[in-house]
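User: Hi! Could you take a close look at one part of this model for me, the interface, and walk me through it in one connected answer?

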2 protein chains.
Amino acid sequence: MSVLPEVLAANAAHAADFGERGSLALPPARRFAILTCMDARLDPARYAGLAEGDAHVIRNAGGRASDDAIRSLVISYKLLGTQEWFVVHHTDCGMEYFRGDVMAGLLDASLETAELGPNGFVDVGEGPGSPAGHDVDWLTIADREQAVVDDVARIRNHDLVPARIPVYGYVYHVTTGRLIEVAEATAVGAAS
Amino acid sequence: MSVLPEVLAANAAHAADFGERGSLALPPARRFAILTCMDARLDPARYAGLAEGDAHVIRNAGGRASDDAIRSLVISYKLLGTQEWFVVHHTDCGMEYFRGDVMAGLLDASLETAELGPNGFVDVGEGPGSPAGHDVDWLTIADREQAVVDDVARIRNHDLVPARIPVYGYVYHVTTGRLIEVAEATAVGAAS
């Protein structure tokens, strides 16, 4: 039941049709980077029109401007020349559906997968769990637009990020495939 | 000269042809996750055969098992049910071409983009720089196969990762598009 044979078969087909992609250069040809969520429904190559070789793509749970995402962005501009960055969160993000203390409690109870019930995630597994989740900042999202604003600001104000790099903030709508600019989305929300 | 209009035009075309993807569920349908590098030449959807909705994709500079990558992986299995994970580094990775102290020194000198000369990255810009790079663990790579082994082990041994989840280690070859299993690749290297 492992996905491994399927993945390797898909990779063999990919390699068999690799063509001139084998001579692409290391620095991103279109000189930009996207920081976005790991969510399975998001494919930045498709939603932003990327070919292999075009742009750096950084992804984590939520598309948050974590220290590690900023490490990656700094390498991206300082060594590999990107000149514009996008922060792209999305609707229906799992990070909106729990709080850090809930996650820590679930992990304390067991390392089995929790189930999403009407009142949030509940544990269904047996122990043992681990208390280590209490020491993690899970970077959950309380307000979708504000989280984009906060992450753009965190990048913008970081000591290692030069002022010349524009940082665009967007929300990807998983029901429509559209990127909505956050300032615009916020203004629409404020007017309604 | 901004890429923004191109990205928004590509997104409009994506949304116009979105079809049934708007009804995909949040949890990854194929229940796996890939941790890989931000490198522009890597497209995990293509190299591993992913459709939208299939799998979580986590990316950072190097595809390293940073704390933030592990945060994302724990959310991936604990709340969203992934059952198998891939760690995929690659050949010709930028993380092999500098050391942390060099990066910190370059950032100290200026926040302009460095150039890659015959003896490594050199700064070509004017200051001001920032000393903040000295406080960052840049997670550079000294040995390609060993870095995969180390990252698989770090995930494998983490308190919040259950033993039942397989963690596969691969190197993606940017000249051929092929995924090579690290244990196998190491054996080939040792025999040559």
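Analyst: Happy to. Let me begin with one term: two residues are in contact when heavy atoms of theirs lie within 4.5 Å. With that in hand, and keeping in mind that this is a predicted model, we can start with a single chain and then move to where the chains meet.

Chain A holds six helices and seven strands. Read from the N terminus, its elements follow the order α-β-α-β-α-β-α-β-β-α-β-β-α. The C-alpha trace of chain A spans about 50 × 50 × 35 Å along its principal axes. Of the 192 residues in chain A, 54% are buried. Among the contacts in chain A with a separation of 6 or more, 62% come from residues 24 or more positions apart.

Now to the interface itself. On the side of chain B, 92 residues are in contact with 93 residues of chain A. The size of an interface is often given as the accessible area lost when the parts come together. Here chain B and chain A bury about 7,600 Å² between them, and 61% of that area is on carbon and sulfur atoms. Looking at polar pairing, 50 residue pairs are in polar contact between chain B and chain A, with both residues at pLDDT 80 or more. Which elements of chain B give two or more residues to the side that touches chain A? They are helix H1 (4-16), helix H2 (44-47), S2, H3, strand S3 (84-90), helix H4 (100-109) and strand S6 (167-172). Sorted by class, that side of chain B has 50 nonpolar, 20 polar and 22 charged residues.

How are the two copies related? A turn of 180° with a shift of 0.0 Å along the axis lays chain B on chain A with an RMSD of 0.0 Å. Such an arrangement is the relation of a two-fold axis. In chain B, B:Arg59 has the C-alpha nearest the axis, 2.3 Å from it. Because 100% of the interface residues of chain B are also interface residues in chain A, the copies meet through the same surface.

The charged residues deserve a closer look. Over all chains, the whole structure has 28 salt bridges, and eight salt bridges cross the interface of chain B and chain A. One of the residues to follow is B:Glu52, which forms a salt bridge with A:Arg46, with 3.5 Å between the closest N and O atoms. Within its own chain, B:Glu52 also meets B:Arg21 in a salt bridge, at 2.7 Å from N to O. That second pair links distant parts of the chain, 31 residues apart: B:Glu52 sits in the loop between H2 and S2, while B:Arg21 sits in the loop between H1 and strand S1 (32-37) of chain B. Are these two buried or partly exposed? B:Glu52 has a relative accessibility of 9%, so B:Glu52 counts as buried. B:Arg21, at 23%, counts as partly exposed.

A salt bridge inside chain B makes a useful companion: B:Glu96 pairs with B:Arg144, the closest N and O atoms being 2.9 Å apart. The two are 48 residues apart, with B:Glu96 in the loop between S3 and H4 and B:Arg144 in helix H5 (residues 144-156) of chain B. B:Glu96 is partly exposed at 24% relative accessible area, and B:Arg144 is partly exposed at 27%. Turning to residues from both chains, A:Arg21, A:Glu52, B:Asp43 and B:Arg46 are joined into one network by salt bridges that share partners.

Finally, Arg64. B:Arg64 lies in the loop between strand S2 (55-60) and helix H3 (67-78) of chain B. Its relative accessible area is 10%, so B:Arg64 is buried. The side chain of B:Arg64 comes to 3.1 Å from the backbone oxygen of B:Leu139. Leaving out residues up to four places away in sequence, the residues B:Arg64 touches include A:Arg71 from chain A, along with B:His89, B:Thr140 and B:Asp151. Over in chain A, A:Arg64 forms a salt bridge with A:Asp151, with 2.7 Å between the closest N and O atoms. That pair is 87 residues apart, A:Asp151 being in helix H5 (residues 144-156) of chain A. Both A:Arg64 and A:Asp151 are buried.

How values were computed. Residues are numbered from 1 along each chain as its sequence is written. Chains are lettered from A and ligands numbered from 1 in the order in which they are written. This is a predicted model: local features need pLDDT of at least 70, side-chain atom pairs count only at pLDDT 80 or more; totals for chains, interfaces and linings use all residues. Side-chain values use heavy atoms; hydrogens and water are left out. Helices (H or I, at least four residues) and strands (E, at least two) are DSSP runs, numbered from the N terminus. Buried means under 20% relative accessible area, exposed over 50%, partly exposed in between (1.4 Å probe, protein chains only). A polar contact is a pair of N or O atoms within 3.5 Å; within protein, one must be able to donate a hydrogen and the other to accept it, and residues adjacent in sequence count only if both atoms are side-chain atoms. Buried area is the accessible area (1.4 Å probe) that two parts lose on being put together, summed over both. A salt bridge is a side-chain nitrogen of Lys or Arg within 4 Å of a carboxyl oxygen of Asp or Glu. Ala, Val, Leu, Ile, Met, Phe, Trp, Tyr, Cys and Pro count as nonpolar, Asp, Glu, Lys and Arg as charged, and the others, Gly among them, as polar. Copies are superposed by least squares on the C-alpha atoms of residues with pLDDT of at least 70 in both.
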